[in-house]
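Visitor: I am new to this structure. Please take one part of it and go through that part closely.

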Amino acid sequence: MDYFSRSIRRCDQCGIPLYSKIDSACGNCIKTPPFFDATFVSCNYSAPIDSLVLGLKFGHQLHMATLIAGFLEETIQNNLKHMPTNPAIFCPVPLSRQRLITRGFNQSLEIARPINLPDGGILIPDLIWRLKNTLQQSSLHPDDRQRNVRGAFFTNPALAHQIQGQHLAVIDDVITTGTTLNAIAKLLKQAGAVRVTNFVFARTTWH
Ligand SMILES: [Zn+2]
């Protein structure tokens, strides 16, 4: 059983499974190209793999983060050959302060922390701030998703100068619509990033 859906062809940009044998990007990415350049995922977000994420996020099973980090590290290593340069800066998708207090930890940071980063890469945990507590993107109509993340993310003013001219990598646990990662990529590109690559543990098979 291929739990990790390794044999599946994916969109180069957003990681969604592709059913066409010729295209390298999905219809959505062709029609409205996202700000990020590539997305690499370890697996599809489906049973039984989803229990790792659910256990981490909602069951406070922090040891799951180490397990997920191991899979994501393999995904990063396997895909370095598809990138023009190794990412120089890795950062997690941040939580808002309010969500951080409720959950007690940021699952994306807990996943990012144990990863042995490729040569030249450093982890900057607080490079991006989330100042607005956004609603679950998957619960929203597509028209409302952009509005939901507008003004939610900022770069840390003390660290933003490090972004200029660099290849940035963003770590997250699950990608669904890609709207959150797109808002972050837009911010990073505006701050001078030359390339933004997402490394995400699991991908839903819908946008
Ligand atoms: Zn796509």
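Guide: What follows is a look at the sheet and at the helix that packs on it. This is a predicted model, in which local features need pLDDT of at least 70, side-chain atom pairs count only at pLDDT 80 or more, and totals for chains, interfaces and linings use all residues. Residues are numbered from 1 along each chain as its sequence is written.

The sheet is open and has five strands in the order S1-S7-S6-S2-S3, with parallel pairing. Strand S1 (38-44) and strand S3 (122-123) are at the edges with a single partner strand each, so one side of each has no neighbour in the sheet. Strands (E, at least two residues) and helices (H or I, at least four) are DSSP runs, numbered from the N terminus. Two strands pair if DSSP finds at least two bridges between them.

Within the sheet, strand S6 (residues 167-175) and strand S7 (residues 195-203) run parallel and are joined by eight bridges. Asp 172 is opposite Val 200 in S7. Helix H7 (residues 179-190) packs on the sheet and touches both S6 and S7. Residues are in contact if their C-beta atoms, placed from the backbone, lie within 7 Å. The direction of H7 makes about 170 degrees with that of S6. Such angles run from 0 to 180 degrees between N-to-C directions, and axes are lines fitted to C-alpha atoms, for helices over the stretch in contact.

Note on methods
Two residues are in contact if their C-beta atoms, placed from the backbone, lie within 7 Å.
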